[in-house]
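Thanks for coming. I will go through one model this morning, starting with its interior and then moving to the sheet and the helices.

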Amino acid sequence: IKKKLQSIEGEQLDVKDLAAADGLALEDWKRDLHWRLTWQRYVAAEVTDEVLRKHFDKYPSRFDGTRLEVFHILISCQATDIDCRRSAKEKLQAVRQEIVSDRLTFAAACEQYSSGATAKQGGRLGWLVYEGPMHPKFIEAAFQLKANELSPVIETPYGVHLIRIGEVEEGDVPFERSIESVRRSLLKELFSEVVASYPNPPELVWMQ
């Protein structure tokens with residue numbers, strides 16, 4: 001970090017002005033610079049071709065073009081409405097039990113309980129790929145399911161959901177053609193691990 005700051009000063013740039021331009025106090029700016037340089041170093045060490053290949057092999061359906069036919073039941077709730085979300089989770093947990101016990105069909109439950117736009121069409125959202133437009137939590141839950149499986153109750157900013165998978169069309173895109181998608185996914189996973197272990201991430205070798 002000292003070398004970086006010295007190089008900035010060597011270019012006759014005032015670090016205080018740089019910090020102010022970013023809307024940060026000088027110490028916060030240094031801390032942010034420290035983090036970014038450390039993260040770059042960590043990624044350079046961790047994200048190798050071998051690690052990328054293992055990530056692809058662990059989650060092939062995320063990257064090979066696999067498509068899922070997705071249906072859902074949605075009870076809409078504002079992100080800050082805790083009471084609505086608590087009630088919705090209890091309701092959908094009971095509905096889920098009815099469905100898995102064959103006392104209620106998914107389509108009937110959808111028409112009765114869902115506030116989604118496709119409630120009268122059995123909650124069908126169409127075909128979804130891993131890097132599709134749905135919220136990441138929704139996509140993660142969907143891609144853990146097999147054909148005709150029902151998800152646990154999940155939450156997104158839009159409300160509380162039950163997801164059902166209809167058909168699955170397996171993809172055939174090879175690793176070599178999906179490497180950038182694999183890289184994005186792996187970086188997201190590594191970043192989440194580091195953030196979760198803050199303030200003392202054991203995996204991260206901090207710059208001295």
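Which residues in the largest nonpolar core touch the most other members? Before I answer, please keep in mind that this is a predicted model. The core has 17 residues, and those that touch the most other members are Ile73, Leu92, Val95, Ile99, Phe106, Ala109 and Leu162. At least two residues of this core come from each of four elements: strand E1 (67–76), helix H6 (82–100), helix H7 (106–113) and strand E4 (159–169). H6 contributes the most, with 4 residues.

Take leucine 162 as an example. If we leave aside its neighbours within four places in sequence, leucine 162 contacts Phe71, His72 and Ile73, then Leu92, Val95, Arg96 and Ile99, and also Phe106, Ser151, Pro152 and Val153. There is also a second core, separate from this one, which has 13 residues, among them Phe138, Ile139, Ile154 and Ile163. As a general remark, nonpolar side chains in soluble globular proteins tend to be buried together.

Now the sheet. In what order do its 4 strands run? The order is E2-E1-E4-E3, the pairing is antiparallel, and the sheet is open. Strand E2 (124–128) and strand E3 (154–156) are at the edges with a single partner strand each, so each has one side without a neighbour in the sheet. On average, neighbouring strands are turned by 40° against each other, ignoring direction.

At the E3 edge, E3 pairs with E4 over 3 bridges, in the antiparallel sense. Within that region, glutamate 155 sits opposite valine 160 of E4.

Next, the helices on the sheet. H6 packs on it and touches E1, E3 and E4, with its direction at about 40° to that of E4. H7 lies across E1 and E4 and runs at about 35° to E1.

That leaves the two helices against each other. How do H6 and H7 cross? Their axes come within 10 Å, and the crossing angle is roughly 155°. An angle over 145 degrees counts as roughly antiparallel, and H6 and H7 are therefore roughly antiparallel to each other. Their crossing is right-handed. On the H6 side the contact is made by Lys91, Val95 and Ile99, and on the H7 side by Phe106, Ala109 and Tyr113.

Some of these names have come up before: Val95, Ile99, Phe106 and Ala109 were in the list for the largest core. That is what I have for today.

Terms used. Residues are numbered from 1 along each chain as its sequence is written. This is a predicted model: local features need pLDDT of at least 70, side-chain atom pairs count only at pLDDT 80 or more; totals for chains, interfaces and linings use all residues. Side-chain values use heavy atoms; hydrogens and water are left out. A nonpolar core is a set of buried Ala, Val, Leu, Ile, Met, Phe, Trp, Tyr and Cys residues joined through side-chain atoms within 4.5 Å. Buried means under 20% relative accessible area, exposed over 50%, partly exposed in between (1.4 Å probe, protein chains only). Contact means heavy atoms within 4.5 Å. Two strands pair if DSSP finds at least two bridges between them. Axes are lines fitted to C-alpha atoms, for helices over the stretch in contact, and angles run from 0 to 180 degrees between N-to-C directions. Angles under 35 degrees count as roughly parallel, over 145 as roughly antiparallel, 65 to 115 as roughly perpendicular and the rest as oblique. A crossing is left-handed if the near helix is turned anticlockwise from the far one by less than a right angle, and right-handed if clockwise.
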